[in-house]
Each structure stands twice: as structure tokens, then as C-alpha cells.
Amino acid sequence: MAGGFSTGTAGSEFEAKITPIVIISCIMAATGGLMFGYDVGVSGGVTSMDPFLKKFFPVVYRNKQNPNIDSNYCKYDNQGLQLFTSSLYLAGLTSTFVASYTTRNFGRRPSMLIAGCFFIVGTILNAAAQDLAMLIIGRISLGCGVGFANQAVPLFLSEIAPTRIRGGLNILFQLNITIGILFANLVNYGTNKISGGWGWRLSLGLAGLPAGLLTLGALFVVETPNSLVERGLLEEGKSVLRRIRGIDNVEPEFLELVEASRVAKEVKHPFRNLLKRRNRPQLVIAIALQIFQQLTGINAIMFYAPVLFDTLGFGSDAALYSAVITGAVNVLSTVVSIYSVDKVGRRMLLLEAGVQMFLAQVVIAVILGIKVKDHNDDLQKGFAIMVVIMICTFVSAFAWSWGPLGWLIPSETFPLETRSAGQSVTVCTNLLFTFVIAQAFLSMLCHFKWGIFLFFASWVLVMSAFVLFLVPETKNIPIEEMTEKVWRQHWLWKKYIDADYHTEGAKIDGTDAAKKNGHSNGFDPVTQL
């Protein structure tokens, strides 16, 4: 399981029906992922549209039009253009700290509502932008929405869902991100054909649809019982628990919530606790997975897919069409992960995807190295199709492995007393490296040329070795038994766990000895994809 509750018997579940209110609430909340995905996908499309470039980035437009100025690989190399894309992630990184406080102290719904409002303001500013400053401010507002949504939505999904479908509903957020990217690619393909030069405004403005859905959803969904109990609203929490579980006897689960909340509150310094030796394995793996997730090169490809295809000589229209294909592959492959993650295991998916991504990137680099020169875009139809197929092969491998699992594994490995702090570190690391890659990619493309794919391929080798030797399998292991069944069985990490537990004794930071022996309540307050 991706996480969740368990009773005293390891792996057993509380009684619960899959009620309409849970399904509707999860669908509405997951539109936060739709919004995030749309923002990722739309930026690459509009930055390949000539009217948009002419208005905001005239230098890039002139480079693109004049074959004598710079090479194919360098015509989009512009720090302002990269800032348009990456400013969203820097704002998301900053707002995550505020979002964490808001989500914990005021609830999940208010954070989702704030995210929706930021999204709406950002969409209006972008669609109506008159200059670059207005455009960047709009992206920053969208980034603040991303920060709040990425904190609140996965947390909401994990807390409201019954245990047996929690993994699937968690990946619903990741699935919606991929659907958002596909939707953005389809919109860009259509708006690029609009004469009059205002198609980019429609592309940026249509982000208002998922933004509106998230805001409306936040107004109508119920607050999670976990949040209500955490804030001392016990009777209201029990009432909501009855509604979402569809049964009257929720006492066992309610008592578990109350006890878990009590234990969590006893941990006074979760971030300081996170740095202790016994939490080193989870912290190292969580940070490494987020860094490696970006160094696969996936976001560089998804941000700039139309720009990348245009650089390779596809032409603007064909570039957007190719981006639609990769977006569709992304969605379908994420669906694969929903069904396979609890069957074949996390390690197998990550290792298989490593081989697939490495081979795809090497093939792309070879084709481009031979066929696409600095001032020659003669990529024959057969080779062009091969590049698209290889990029789709790469995207599919990522979408059923590093995409969802980069979030899922940290969420199920941190112990209760450090889970909230661990989640914040995970989100911040991801957004920081997303920003770095987004800001640097077009410059790297200019200097590395086709070698950019070999750069990312080499990192795929490194991360696959990391998984092989240092990431343990967590499939079907209850969270409260992670210490005994995972960390103490691992050839390296057991040294950190055992040494720290021996020195600190039976009582550890507000958790009792039963926690040490793998029999804690197993409550999962913060689970992200």
C-alpha cells in the first residue's frame, strides 16, 4: 500500500465503503494536478509561437527567423525566455513554506482555495499581459498556486480515501498532471492556427478552466477528518468520518486518528528530528529521488517539447503535433503505473525504466548527432519519426516509474514523527531542481547540442545504480513495519537504524517503544504521490 491506517494487526484495514462523496471530493481536489500539468505544458507551446516571441522576446524571434544568426540549437537560448518558464517553480518553492503552515493550522480546504485563487489571478495576468513584467508576475502567481496545491491536494487525497484504494487515488494527482500537459498541447496545437496573432492569449487564458474547477471544488468538498482532529475539532471530525466512510461504526478509526494526532503533537522539533541518524536513510532517499527525477531530463522535454521539436527541424506546426503525441503517451503510461505499482514493485519499475530511458536517449543522441547540424535541419521523415518514437519510449518509461514513484516512495518511508517535515523537504527539493533544469535547459541545448541527451542518459545510469544498491522494496509493507522489515534488513541502512536506536533507548521523541518494534498506529498524515 502507498500508506495509510492499520489496526493492531499488521496490514488489516478499517471498515469503509467507497462512497460517492469520497469519489467526487477526490476528483474535484485532483484538478489541482490538472492545473499544474496545464501550466507545465502550455509554456513550451506558446514559446514556440511567433506572435508570442515577437511581442515578448524579439531577440529570440529574430534568431529564429534568420538562419545566419546562431545555430539551430541556440536560437531559443535566452535567459528571459527561460525565466518565463522557470519563475513558476521558484515561486512554488517559496510558497511551499507558507502553504505547509496554512495546511497544518487551517486545514486542507483553505489551502486548496488559496491555490485556486492564485491560479485564477495568474491566468488573468498572463492572458492579458502587455509586457514581460506582467507576464512574469502572472507566472509567479501561478507558481504560488502550485506551491499550495502540491502541499494540500495529495494530502487531502491520502486522508480522505479508504486504505484499499489510497494508492490509486494518490496517483490520480499525477495522472491529472499528465492529462493537464496533454490538454495544454492540444490547445496549443489549435491556437497556433489562429490568424491574428492572439492564439497564445487563448492558450494562457484557458488555464482558467482547471483553476475555476479547483476553486469551486475547494468550496464544496469536505474537510478531512484528520485535519479536524489535528485542530481539536473532535466531534466534527467524527461526523465527517461517518459521512465519508458510509458507516456508523467509525470508532476504531476515529480513536486511531486521535491517538496518532496526540503522538504527532509530542514531537516538538520535526525538522531537527529529521536530521537524526536513524532518519538518514529516508532523508537521503527522498532527496536523491527528487534530484534524480529532474536529471532524467523529463521536465526539460515536457516544458520545451514544441521548442525542442522545432529546433530539430520539425517546423512549428509539426512540433506542436509531436508534443501532443508525447503528451498522450505520458497519460497512458501513468495509467499503467496505477495498476502495476503494487503488483511488480517499486524497484522493478524503476530499474526497467532506467534501461528503457537510457537506450532511448542514446538512440536520440546518435540520430541527432549524425543528422542535425548547427545550420542544417535536414531531418528526413524516417529519422524524424524515429526521434518521436524514442522520445515517446523515454516518456512512457518515466511515466510509469520515476514520475509517480519519485513521490510515492518518500511518502511511505518517513516515520510518523518526521513525515510532515520530510514531505516539505521532498517538495522543496523537487521544485528547486525543477527550477534549475527549467532555467538552464535551453542554454544547455545550445552548448551541448545533441549531447544534451547523452548528459541525461549518463545520469539515468547513476540513478539506476542508486536504486539497485540503496533503494529497498517497500511494496505491500505496512508503514508501521518499515523499520523492522525494510531498514533493518538492508545491507547499508541497518547500520544507521540499529546504531541510533541502541543509543537512544526505548523511548524516542514522543513515540513509545512499540513504535520502535514496528507496532505503531500506522497513521499516515502526509502522503504524496
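To begin with a term I will need, pLDDT is the predictor's confidence in each residue, on a scale from 0 to 100. What we have here is a predicted model, and pLDDT stays under 50 over residues 505-529, a stretch for which the model nevertheless has 85 contacts beyond four places in sequence. Where pLDDT is low, the predicted coordinates should not be read in detail.

For the protein chain as a whole, the mean pLDDT is 80, with 83% of residues reaching 70 or more. Among its elements, helix 22, residues 451-470, has the highest mean, 95, while helix 25, residues 513-516, has the lowest, 40. Residues 1-12 also have a pLDDT below 50, and this stretch has 49 contacts in the model beyond near neighbours in sequence.

Let me turn to one helix pair. The axes of helix 6, residues 108-127, and helix 10, residues 208-220, come within 8 Å of each other and cross at roughly 155°; angles over 145 degrees count as roughly antiparallel, and the two helices are therefore roughly antiparallel to each other. Their crossing is left-handed. On the helix 6 side the contacting residues include Met112, Leu113, Phe119 and Ile120, and on the helix 10 side they include Ala211, Leu214, Leu219 and Phe220. By class, this contact has 11 nonpolar, five polar and one charged residues.

Finally, the salt bridges, of which a search of the whole structure finds three. In one pairing, Arg108 forms a salt bridge with Glu230, with the closest N and O atoms 3.3 Å apart. This pair links distant parts of the chain, since Arg108 lies in helix 6 and Glu230 in helix 11, residues 225-230, with their positions 122 residues apart in the numbering.

Technical notes: Residues are numbered from 1 along each chain as its sequence is written. This is a predicted model: local features need pLDDT of at least 70, side-chain atom pairs count only at pLDDT 80 or more; totals for chains, interfaces and linings use all residues. Side-chain values use heavy atoms; hydrogens and water are left out. Axes are lines fitted to C-alpha atoms, for helices over the stretch in contact, and angles run from 0 to 180 degrees between N-to-C directions. Helices (H or I, at least four residues) and strands (E, at least two) are DSSP runs, numbered from the N terminus. Angles under 35 degrees count as roughly parallel, over 145 as roughly antiparallel, 65 to 115 as roughly perpendicular and the rest as oblique. A crossing is left-handed if the near helix is turned anticlockwise from the far one by less than a right angle, and right-handed if clockwise. Contact means heavy atoms within 4.5 Å. Ala, Val, Leu, Ile, Met, Phe, Trp, Tyr, Cys and Pro count as nonpolar, Asp, Glu, Lys and Arg as charged, and the others, Gly among them, as polar. A salt bridge is a side-chain nitrogen of Lys or Arg within 4 Å of a carboxyl oxygen of Asp or Glu.
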